[in-house]
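Colleague: Please take a close look at one part of this structure for me, the aromatic pairing. Once that is done, feel free to walk on to whatever else you would point out to a structural biologist.

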Amino acid sequence: MFLRKCLTLLSLPLLLSATPAFAGAWPQAAGTMEVIAGATYSESDSGFDGRVGGTDPKFRKLEVAPLISWGVGSDTTISVQPSWQRLKADNAAGGSDKGSGLADAEFAVRRTIWQDGGHIVALAPLIRVPLGYDKGDQPPLGSGKVDAEMRALYGHGFENGFFDAQVAYRTRGGPAADELRLDLTAGVRPDADWLLLAQSFNAVSVGTPGAGYGDVRRYKLQLSAVRKLTDDVSLQFGLSKAIGGRNAGGERMALLALWWNFGGR
């Protein structure tokens with residue numbers, strides 16, 4: 001049932017825009033642009049232990065969030081990622097609230113600081129800003145606050161594959177506690193037309209949260225495949241699942257995305 005819902009919803013906005021699949025330590029080639037364009041559908045019917053402020057979260061969310069990256073010089077990449085959401089969430093009265101619109105946008109600069117053979121290290125400052133929604137709406141499309149992050153990235157490429165590890169500290173605006181994040185990706189190319197990705201996304205809150213907020217842990221696994229369609233276009237599809245946490249929902253997600261590369265010929 002979940003997979004059928006995902007395929008139905010994701011097929012509609014495929015050509016509109018997307019959710020990022022993987023943005024690793026390697027820079028975008030100078031003078032080129034990449035767009036990862038598609039959508040994700042996620043739902044949660046339960047949460048993990050430690051929930052503050054009521055029952056487990058139950059929600060359905062369709063998100064369209066294109067990741068657009070430009071190569072500036074040989075070692076610098078600029079990226080922007082706006083987000084549009086359609087969200088339905090159960091409320092305390094036994095009903096449900098619905099909302100849709102622009103959510104948050106992220107702006108980042110990724111700079112290579114060391115590279116030797118198949119090894120690379122980069123730094124990426126990021127800022128996340130709300131796009132004009134009312135944070136008092138139910139359900140809220142975001143916190144309504146500005147977040148800032150510093151991320152360190154390490155990549156290692158080898159024959160027919162790569163490994164990428166990213167560590168980040170995110171300063172949260174408002175009462176939510178800051179977060180320490182760890183993202184891991186392993187990619188394998190069984191042939192020239194396929195890329196298989198196994199990814200782990202993890203976040204742990206640090207410090208003391210404000211009123212109404214608790215400490216947070218989120219652990220997610222994602223498996224996806226990218227199929228090369230032409231020299232410049234690829235199709236990605238995959239699933240992810242929250243496998244543990246605290247004050248977080250047991251989210252299941254499906255993604256479908258097109259990758260476009262422009263320039264560089």
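Modeller: Happy to; the aromatic pairs come after a short word on the whole chain, and a few other sites follow.

This is a predicted model, so local features need pLDDT of at least 70, side-chain atom pairs count only at pLDDT 80 or more, and totals for chains, interfaces and linings use all residues. Residues are numbered from 1 along each chain as its sequence is written, and side-chain values use heavy atoms, with hydrogens and water left out.

The protein chain holds one helix and 15 strands; helices (H or I, at least four residues) and strands (E, at least two) are DSSP runs numbered from the N terminus. It has 265 residues, of which 43% count as buried. Here buried means under 20% relative accessible area, exposed means over 50%, and partly exposed is in between, with a 1.4 Å probe and protein chains only. About 13,200 Å² of the chain is exposed, and carbon and sulfur atoms supply 59% of that area. Accessible areas come from the Shrake-Rupley method with a 1.4 Å probe, and for residues only the protein chains shown count as cover. If you take the contacts between residues at least 6 apart in sequence, 56% join residues at least 24 apart; a contact means heavy atoms within 4.5 Å.

Now to your request. A search of the whole structure gives two aromatic pairs. In Trp 26 and Phe 162 the rings meet edge-to-face, at 5.9 Å centre to centre and 80° between the planes. Rings of Phe, Tyr and Trp (its six-membered ring) pair if their centres lie within 6.5 Å; planes under 30 degrees apart count as stacked, over 60 as edge-to-face and the rest as tilted. Trp 26 sits in the loop between α1 (2–11) and β1 (33–44) and Phe 162 in strand β10 (residues 161–171), so this pair ties together parts that are 136 residues apart in sequence. Trp 26 is partly exposed because its relative accessible area is 27%, whereas Phe 162, at 13%, counts as buried.

The other pair is Trp 194 with Phe 237, also edge-to-face, with 6.3 Å from centre to centre and 90° between the planes. Distant parts of the chain are linked here too: Trp 194 belongs to strand β12 (residues 194–206) and Phe 237 to strand β14 (residues 233–246), 43 residues apart. With 27% relative accessibility, Trp 194 counts as partly exposed, and Phe 237 is partly exposed at 35%.

Another tryptophan brings us to the surface. Trp 70, in strand β3 (residues 67–72), is partly exposed because its relative accessible area is 34%. Together with Val 72, Ile 78 and Val 109, Trp 70 forms a nonpolar surface patch with about 300 Å² of accessible area. Patches are made of residues with over 30% relative accessible area and no salt bridge (a side-chain nitrogen of Lys or Arg within 4 Å of a carboxyl oxygen of Asp or Glu); like charges are joined within 9 Å, and nonpolar side chains (Val, Leu, Ile, Met, Phe, Trp, Tyr) within 5 Å.

Strand β3 also contains Ser 69, which is buried at 7% relative accessible area. Its C-alpha atom is separated by 5.5 Å from that of Met 33, 36 residues apart along the chain. Outside the four places on either side in sequence, Ser 69 has contacts that include Gln 28, Met 33 and Ile 78.

Glu 179 deserves a stop as well. It lies in strand β11 (residues 178–191) and counts as buried because its relative accessibility is 3%. The side chain of Glu 179 makes a polar contact with that of Arg 218 at 3.2 Å. A polar contact is a pair of N or O atoms within 3.5 Å; within protein, one must be able to donate a hydrogen and the other to accept it, and residues adjacent in sequence count only if both atoms are side-chain atoms. Beyond four places in sequence, the contacts of Glu 179 also include Tyr 169, Arg 172 and Val 204.

Finally, some backbone details. Gln 138 and Pro 139 are joined by a cis peptide bond with omega about -5°, and Pro 139 is in the loop between β8 (119–130) and β9 (147–158). Asn 160, in the loop between β9 and β10, has a positive phi near 65° without being a glycine; at 49% relative accessibility it counts as partly exposed. Asn 247 likewise is not a glycine and has a positive phi of about 55°. It is found in the loop between β14 and β15 (252–262) and, at 12% relative accessibility, counts as buried.
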